[in-house]
Amino acid sequence: MKLPSLTTPVLVALLTACAGRMSQQESLSPPARIPAVDSVVLVIEAPPATVADSGSSTIATADSVSRAELTQLALGVFGDSVGPAAVVADVADTAVSPEVVLDVRSYETHARVEHYVRQFSGPAKDRIARRLEIGSRYEPMIRAKFRAAGIPEDMSYLALIESGYSPHAYSRAAAVGMWQFMTSTARGMGMRVDWWVDERRDPARSTDGAIRFLRYLRDQFGSLYLAAAAYNGGPGRVSRGLTRFAEELEGTTGEDRFFALAEENYLPAETKNYVPQLIAAALVGKDPGRYGLVVNRQAPYEYDSVRVGASTPLSAVASAAGVPVTDIVELNTHVLRGVTPPRESFFVRIPAGGAAAFDSSFKALDTLERRAFARVTSRKGESLTAIANRHGITAKNLGWYNPKAARLKSGNLRPGQVILVPTRAVVAAALDVPDPSIERYGSAVRRKMHIVRRGETLSGIAKRYGTTVAAVKRLNGLRKTTIFAGQALIVKGAPKAARGKSTARRSGAAARGKAKGGSASSAKTKKP
C-alpha cells in the first residue's frame with residue numbers, strides 16, 4: 001500500500017482518530033497463553049483484520065482531511081476490524097521479517113513425498129491445478145502474513161491440503177473454512193464465530209488464527225513438520241508419541257524428528273501422510289510447470305474497508321460501491337446472513353479504490369434500500385411458515401433471522417413475539433450454512449475430552465473431572481502445565497452434571513483433529 005505524504009496536521013489527526021480505538025483495545029484480552037502473531041500491516045493485497053474506526057465527518061486540520069479519508073489511512077496502517085474478537089497483539093510489530101525457508105528439498109526423495117508428487121502431477125493434476133488457481137487469489141496475502149510472523153511461507157500450502165483454499169469448505173466433523181477450524185478452537189484463536197458472523201470463512205482472519213496456532217505448535221515441538229502433524233492430529237497425540245518413543249528418537253534433531261516418529265507404529269496413517277502431502281504440495285505449487293501443471297492465476301485478494309451501521313444489507317453496500325452484490329458477498333464471506341450484525345456498527349469490505357466515494361453514495365441511497373427487515377408481531381396460532389408465505393420467502397429463510405423464536409408444543413410461534421422479516425435482497429445475499437456453533441463428534445471413543453476455554457487452568461480442569469494435574473499431564477503427554485484456549489485434553493472421570501455441556505465424545509477421526517486449527521483430515525469433505 002502506498003501511503004500519502006503525512007504532514008504534521010494529518011499525522012496529528014490520524015493519531016487522534018486512532019487513540020480512542022487503541023485505548024478501547026487495551027481492555028481486550030488475547031487468547032489465553034497463545035503467543036501473539038506479529039502480522040504484517042502494510043499489505044497491498046489485504047489489510048489484516050484488527051483495528052480502526054472513524055465515521056464520516058470532517059476533521060478540521062490545516063490540510064482539510066476528511067474523516068472518511070482518515071479512516072482509510074488508519075485502516076491502511078492499522079488494519080480493519082470485523083468484531084470485538086479482534087486481538088491487539090496481531091499488529092504489535094509491523095516490521096517485516098526476512099523470509100524463513102521451509103526445507104522441502106531435503107525430503108524430495110522420501111518415498112511418501114515422491115508418491116504424492118506423482119499423484120499431484122498425475123491422476124490428481126487437474127484438481128491440484130484448479131486448487132492452486134483458487135489459492136493464487138489469496139497467496140500474496142497469506143505469504144505476507146506468514147513471512148511477517150516468521151513462519152516459512154511454504155507452510156501456506158497447508159491450506160491446499162486442508163481445503164483447497166476454499167473459504168466455505170465444511171467437513172463431516174463441522175470444521176469450517178480455508179484452515180478448517182472447529183468452532184471452539186477458532187474462538188480460542190481470537191476469531192468471531194456466532195449466528196451472524198463466522199470468521200473461519202474469512203480468508204484474512206482465519207489465516208491469522210492459523211498462524212497463531214502454528215506458532216504455538218512450532219514453539220512447543222521445535223519443528224515445523226511436527227507442528228504440521230500436530231495441526232492435523234492434535235498436539236496431545238504428537239506430544240505423547242515423542243514421550244513414548246524418546247529413546248528411539250534420541251539423537252534425531254530438527255525436521256527429521258517427524259519422520260523418525262512417523263516410522264514408529266503410533267501416528268494415524270492420515271497424520272503420517274499429512275507432512276509428505278505438505279512437502280509435495282510445496283514442491284509442485286512453487287514450480288507447477290516443472291510438473292506439467294498449468295495454473296491460471298487469479299486477481300489478488302484486495303479490498304477497502306468501510307464502516308456501516310448495524311443491520312445494513314450487503315445489497316445496499318453493493319449499491320453504494322457501484323458493484324454487483326456478488327462482489328460484496330465474495331469479499332465478505334464471513335457475513336452469514338446477507339446483512340451486518342444487529343446492535344453494532346461493522347466494517348465491511350468493498351473493492352479496492354472504492355472507499356473515498358462510499359460514504360456519500362451510501363447516504364444518498366433510498367431509506368428502503370438501506371432497510372434490512374420488517375418487524376411483525378406473532379399472533380395466536382401463527383407459524384413461521386405462515387409469516388414467510390405472506391412475505392414471499394421460505395420458512396427456512398425466515399428462521400435464519402429468528403434463531404431464538406419461541407415455539408409452542410404445537411409448533412406454532414408463541415404469540416406476541418417480534419419476528420424479523422428480511423427483505424428479498426437480504427435473503428439473496430445470505431449463505432445457506434449450518435449452525436456455526438455445531439461441534440460434531442462421534443461416540444466410539446470412551447475417553448472423555450475437554451475443550452479448554454479461555455481463562456481455564458489445568459488444575460481447575462483436573463478438579464472439575466475428579467482427577468489430578470499429574471494424571472491429565474500423563475494422559476496428554478504434557479511436560480508443563482501450560483494449556484491454551486481451544487486445546488482438547490483427555491481427562492479422567494465424568495464431569496459434574498451442571499457443567500457437562502463442555503464435554504464431548506469423539507470418534508477416532510474427530511479425536512485426531514481435536515485441537516488443531518481444523519478437523520481431522522480423514523473427516524474432511526475432500527482431500528487432494
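**Close-up views of a predicted model**

**View 1. A salt bridge between Arg192 and Asp194.** In this predicted model, Arg192 and Asp194 make a salt bridge, with 2.7 Å between their closest N and O atoms. How buried or exposed are the two partners? Arg192 is buried, at a relative accessible area of 8%, while Asp194 comes out as partly exposed at 23%. The cut-off for buried is under 20%, so Arg192 falls below it at 8% and Asp194, at 23%, does not.

**View 2. One turn of helix H4, with Glu133 and Arg130.** Here's a salt bridge inside a single helix: Glu133 and Arg130 both sit in H4, which covers residues 125-148. They're three residues apart, or about one turn of the helix, and their side chains meet at 3.1 Å, N to O. Glu133 is the buried partner, with a relative accessible area of 18%. Arg130 has 44% and is partly exposed.

**View 3. Sequence neighbours Arg218 and Asp219, then a network.** The closest N and O atoms of Arg218 and Asp219 lie 3.6 Å apart, and the pair counts as a salt bridge. Arg218 is partly exposed at 21% relative accessible area, whereas Asp219 is exposed at 51%. Elsewhere, which residues are joined into one network by salt bridges that share partners? They are Glu139, Arg143, Glu153, Asp154, Lys286 and Arg297. Over the whole model, the count of salt bridges is 21.

**View 4. Strand E1 and its partner E2.** E1 takes in residues 304-308, and four of its five residues are buried, so the strand is largely enclosed by the rest of the structure. Its pairing with E2 (residues 346-350) is antiparallel and runs over five bridges. If you want a spot to anchor the view, find Val308, which stands opposite Phe346 of E2. As a reminder, side chains in a regular strand alternate between the two faces of the sheet.

**View 5. Helices H10 and H11 packed together.** H10 (residues 256-263) and H11 (residues 269-286) pack with their axes 9 Å apart, at an angle of about 145°. The crossing of H10 past H11 is left-handed. Which residues make the contact? H10 brings Phe258, Phe259 and Ala262, and H11 answers with Thr271, Lys272, Val275, Pro276 and Ile279.

**View 6. Two loop residues with positive phi.** Most residues other than glycine have a negative phi. Ala174 has a positive one, near 70°, and Arg343 also has a positive phi, about 70°. Where do they sit? Ala174 is in the loop between helices H5 (158-163) and H6 (183-188), and Arg343 is in the loop between helix H13 (325-331) and E2. Their surroundings are opposite in kind: Ala174 is buried, at 1% relative accessibility, while Arg343 is exposed, at 78%.

**View 7. Stepping back to the whole chain.** The close-ups come from a protein with 21 helices and seven strands. Of its 528 residues, 56% count as buried. The exposed area is about 21800 Å², and carbon and sulfur atoms supply 51% of that. Among contacts between residues at least 6 apart in sequence, 75% join residues at least 24 apart.

Note on methods:
Residues numbered from 1 in each chain as written. Predicted model: local features only at pLDDT ≥ 70, side-chain atom pairs only at ≥ 80, totals over all residues. Heavy atoms only, no water. Helix = DSSP H or I, 4+ residues; strand = E, 2+ residues; numbered from the N terminus. Buried < 20%, exposed > 50% of the residue type's maximum accessible area, 1.4 Å probe, protein only. Contact = heavy atoms within 4.5 Å. Areas by Shrake-Rupley, 256 points an atom, 1.4 Å probe, with all protein chains shown as cover. Salt bridge = Lys/Arg side-chain N within 4 Å of Asp/Glu carboxyl O. Pairing = 2+ DSSP bridges. Axes fitted to C-alpha atoms, helices over the stretch in contact; angles between N-to-C directions. Left-handed = near helix turned anticlockwise from the far one by under 90°.
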